[in-house]
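The following note sets out points that a colleague may wish to have at hand when examining the model. The points are numbered for ease of reference.

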Amino acid sequence: DWLDGTGTTWGSDDGFITYTMPFNFPYYGLVATEMHIGTNGYITFGAGAPSGHYGYGNSLPIPDDFSTIDNVALDGLVGVLWADLDPSSADHAGGAGVYYLSLPTLSVVSYIAIPYCCGATSPANTFQAIFYPSGAFVLQYQDLQQGGSQNPSIGFENHDGSNGMQIAFGWGQAPADGTAMLI
């Protein structure tokens with residue numbers, strides 16, 4: 001089933017949930033059983049995942065093994081479209097929200113028509129990450145609209161932030177609408 005967290009920190013600005021995956025997910029040599037889904041467009045895995053999360057939508061270049069925001073250092077991160085997003089401002093009646101789908105063969109996290117912080121329903125972004133038991137994942141971008149107060153960060157890094165790949169940092173490098181990347 002598709003689930004959303006309207007009415008919880010999950011459906012809020014700067015929220016996250018911890019989700020137990022239906023399979024073991026190999027990520028940079030470790031095996032993750034949980035993913036932490038942040039409403040600001042990032043996902044983290046495993047032991048390096050948060051006891052908290054970034055309290056604001058600030059994004060950083062990826063990989064980043066030295067920086068912390070709000071005294072929280074998150075690694076094992078996939079920045080799908082890490083930016084100052086605000087699901088609490090989304091048009092929920094129109095189907096907007098952050099959702100996940102769990103099947104034995106994949107886990108999907110979808111951000112549907114999620115606007116930037118704070119209060120307006122547009123511009124909004126629709127994008128998705130699909131994770132497979134093999135360790136592969138797909139980043140998909142249906143509709144990205146420039147906005148927000150900082151550069152969006154797209155990429156992934158290992159559990160100590162010492163290795164990873166920056167796909168985009170800023171709008172000049174952002175993927176085109178309709179783009180999907182298999183990693």
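1. The side chains of Ser89 and Asp86 are joined by a polar contact of 2.6 Å. The coordinates come from a predicted model, and the contact should be read accordingly. Ser89 is located in the loop between β4 and β5 (97–103). Its relative accessibility is 11%, so Ser89 counts as buried. Leaving aside residues up to four places away in sequence, Ser89 touches Pro115, Cys118, Gly119, Ala120 and Thr121.

2. One of these partners of Ser89, Cys118, takes part in an unusual backbone feature. The peptide bond from Cys117 to Cys118 is cis, with omega near 10°, and Cys118 belongs to the loop between β6 (106–115) and β7. A cis peptide bond also joins Ser122 and Pro123, where omega is about 0°. Pro123 likewise lies in the loop between β6 and β7. As background, most peptide bonds are trans. A reviewer may therefore wish to inspect both bonds, since most peptide bonds are trans.

3. Two residues deserve attention for their phi values. Tyr28, which is not a glycine, has a positive phi near 50°; it is found in the loop between β1 and β2 (30–38). With 34% relative accessibility, Tyr28 is classed as partly exposed. Ala113 also has a positive phi, of about 50°, although it is not a glycine. Ala113 is placed in strand β6 and is partly exposed, its relative accessible area being 28%. Most residues other than glycine have a negative phi.

4. Which residues does Asn125 touch, apart from those up to four places away in sequence? The list consists of Leu81, Leu85, Tyr111, Ile112, Ala113, Ile114, Tyr116, Asp143, Leu144, Gln145 and Trp171. Ala113, discussed above for its positive phi, is thus among the contacts of Asn125. Asn125 itself is part of strand β7 (residues 124–131). Its relative accessibility is 0%, so Asn125 counts as buried.

5. In what order do the 6 strands of the open sheet run? The order is β1-β2-β3-β4-β9-β10, and the pairing is antiparallel. The edges are taken by β1 (16–27) and β10 (164–169); each has a single partner strand, so one side of each is left without a neighbour in the sheet. From one strand to the next, the twist averages 15°.

6. Within this sheet, strand β4 (residues 77–82) and strand β9 (residues 153–157) pair in the antiparallel sense over 3 bridges. Trp82 has Ser153, in β9, as its bridge partner. Strands of a sheet pair through backbone hydrogen bonds.

7. The aromatic residues form 13 pairs by the ring-centre criterion. In one of them, the ring centres of Phe25 and Tyr27 are 6.0 Å apart and the planes meet at 25°; the angle is under 30 degrees, so the pair is stacked. Phe25 and Tyr27 are both buried. Another pair, Phe137 and Phe156, is edge-to-face, with 5.7 Å centre to centre and 90° between the planes. Phe137 lies in strand β8 (residues 137–143) and Phe156 in strand β9, so this pair ties together parts that are 19 residues apart in sequence. Phe137 and Phe156 are both buried.

8. These four residues belong to one aromatic cluster, made up of Phe25, Tyr27, Tyr28, Phe45, Phe131, Phe137 and Phe156. The cluster thus includes Tyr28, whose positive phi was noted in point 3.

9. The largest nonpolar core has 35 residues, and Phe45 and Phe131 are those with the most contacts inside it. Strand β1 gives the most to this core, with 6 residues. Phe45 touches Met21, Phe25, Tyr27, Ala32, Glu34, Met35, Asp75, Gly76, Val78, Phe131 and His159, not counting residues up to four places away in sequence. Apart from the largest core lies another, of 6 residues, among them Leu60, Ile62, Leu74 and Trp82. Trp82 was named in point 6 as the bridge partner of Ser153.

Terms used:
Residues are numbered from 1 along each chain as its sequence is written. This is a predicted model: local features need pLDDT of at least 70, side-chain atom pairs count only at pLDDT 80 or more; totals for chains, interfaces and linings use all residues. Side-chain values use heavy atoms; hydrogens and water are left out. Two strands pair if DSSP finds at least two bridges between them. Helices (H or I, at least four residues) and strands (E, at least two) are DSSP runs, numbered from the N terminus. Axes are lines fitted to C-alpha atoms, for helices over the stretch in contact, and angles run from 0 to 180 degrees between N-to-C directions. Rings of Phe, Tyr and Trp (its six-membered ring) pair if their centres lie within 6.5 Å; planes under 30 degrees apart count as stacked, over 60 as edge-to-face and the rest as tilted. Buried means under 20% relative accessible area, exposed over 50%, partly exposed in between (1.4 Å probe, protein chains only). Contact means heavy atoms within 4.5 Å. A polar contact is a pair of N or O atoms within 3.5 Å; within protein, one must be able to donate a hydrogen and the other to accept it, and residues adjacent in sequence count only if both atoms are side-chain atoms. A nonpolar core is a set of buried Ala, Val, Leu, Ile, Met, Phe, Trp, Tyr and Cys residues joined through side-chain atoms within 4.5 Å.
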